[in-house]
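Please look over the sequence and the structure shown here before reading on. The briefing below is meant for someone who meets them for the first time.

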Protein chains: 2
Amino acid sequence: MEGTRWLDERQMAAWQGFLEATSRVSRHVEQQLKEDAGLSHPQYEVLVRLAGAPGGELRMTDLAEGLFSSKSNLTYQVGQLEKHGLVRRRSCPTDVRGILAVLTEEGRDTLRAAAPGHVAAVRAALIDVLEPDETDTIARALGRVGARLRPPARNTEEAEAAETETAEAEAQGAGSSESGGMSTSSS
Amino acid sequence: MEGTRWLDERQMAAWQGFLEATSRVSRHVEQQLKEDAGLSHPQYEVLVRLAGAPGGELRMTDLAEGLFSSKSNLTYQVGQLEKHGLVRRRSCPTDVRGILAVLTEEGRDTLRAAAPGHVAAVRAALIDVLEPDETDTIARALGRVGARLRPPARNTEEAEAAETETAEAEAQGAGSSESGGMSTSSS
DNA sequence: GCAGTACGTTTCGAATTTGAACAACCGGTG
DNA sequence: CACCGGTTGTTCAAATTCGAAACGTACTGC
């Protein structure tokens, strides 16, 4: 079949730009985090999510959701964090199978110390390079792209209502306004 | 120092969207490629670059440039490709130190066979989800982001002229219009 | 020519990532 | 109570990744 719809020049540029930006930004951020705080990016994300959870603890499964890696990887990451004393494991009281990952004091401190440098790196690599309207477009467009590839997600009630417009991309960044969430709270 | 400039809501959404899109798109494309053609994405990129080069051969170093991975990784990837007979190594006639990676006939066939599915995956995951103006914005903005983080690049003469505006992002996508470059040439 | 430095590529060891297989456990059914 | 499908978290081996060190070779000045 000759019917393949190839990419035109603009689409090609978008794909290439996406690929390169992806690779370089990720590397930049990861490196800063490693050098400055001894954390990998996945590990940092785990800390952020724990810090944003009530009591600083979360079940492995809940932690895995929205954390873009496999289950076994999460086990590994939490294991590493535990080895460094930033996280502790506790069995879940209501479900013997469940394990709660708990943020330790040291973990909270580490996150607090790491956050400013991380935000600076994110700004330097991405945010401060974008014009305000570009920022909005990227948030909207890439939010849609990500949401569309999200695993089917067991229907938590009427999940049909909100389609692909916006709305969904927001449940993502919310909930972390304390230590490492990098939200607005400067002066 | 209290002076950390945190991210406001829109910037946060952009960063989160970027992260999620990055992760999911990359996984989607990689999986399609692996299942459909038995190639990893880096390997596919190597093939594309070789196919776009005169004679289907390129020096390792030239191959490494713009291929967003470390040198040692490139050695590994080419090694894998060679093991499968898609690429052959040949020592460079003008510089004994240099090694040329040469695309074999089988490699060319494999690429030709893999390209349509790959383009389809890229479309499904990213391109077809974007409005035309979003596509342009992303190409421009992310192109700038990527270019800015590009390693200093040894000054190839007057490399000062073109700053960070546009211009640079274009030398990236060009040069691959044959087999797997997915450029416009349908009917 | 000959030291000294820069370049091109690979090798090495360690860290990370993944998918598949596993063991224990929930909830509901008969 | 024993069974069954689905969940939860871990373990295992294999593949991939990286950075640093190792090598052999090219250029440079003397």
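What follows covers how the two chains are related, how they touch, and how they meet a DNA strand.

This is a predicted model, in which local features need pLDDT of at least 70 and side-chain atom pairs count only at pLDDT 80 or more, while totals for chains, interfaces and linings use all residues. Residues are numbered from 1 along each chain as its sequence is written, chains are lettered from A and ligands numbered from 1 in the order in which they are written, and side-chain values use heavy atoms, with hydrogens and water left out.

**Relation of the two chains**

- A turn of 180° with a shift of 0.1 Å along the axis lays chain B on chain A with an RMSD of 0.1 Å, the copies being superposed by least squares on the C-alpha atoms of residues with pLDDT of at least 70 in both.
- That is the relation of a two-fold axis.
- The same surface serves both copies, since 99% of the contact residues of chain B recur in chain A, where contact means heavy atoms within 4.5 Å.

**The interface between chain B and chain A**

- In this interface 71 residues of chain B are in contact with 70 residues of chain A.
- About 6,800 Å² is buried between chain B and chain A, and carbon and sulfur atoms give 67% of it; buried area is the accessible area (1.4 Å probe) that two parts lose on being put together, summed over both.
- In chain B, the residues that lose the most area to chain A are B:W6, B:W15 and B:F68, together 12% of what that side buries.
- The rule finds 10 salt bridges across the interface, a salt bridge being a side-chain nitrogen of Lys or Arg within 4 Å of a carboxyl oxygen of Asp or Glu.
- One of the salt bridges joins the side chains of A:R5 and B:D128 (3.7 Å, N to O).

**The surface near DNA strand C**

- There are 23 residues around DNA strand C, and A:Y76, A:Q77, B:T61, B:R89 and B:I99 come nearest; a residue is near a strand if one of its heavy atoms lies within 4 Å of it.
- Of the atoms of DNA strand C within 4 Å of the protein, 72% belong to sugar or phosphate, and the rest belong to bases.
- Phosphate oxygens of DNA strand C lie 3.3 Å from a side-chain N or O atom of A:N73, 3.5 Å from a polar side-chain atom of A:Q80, and 3.0 Å from a side-chain N or O atom of B:R27.

Definitions and conventions: A polar contact is a pair of N or O atoms within 3.5 Å; within protein, one must be able to donate a hydrogen and the other to accept it, and residues adjacent in sequence count only if both atoms are side-chain atoms.
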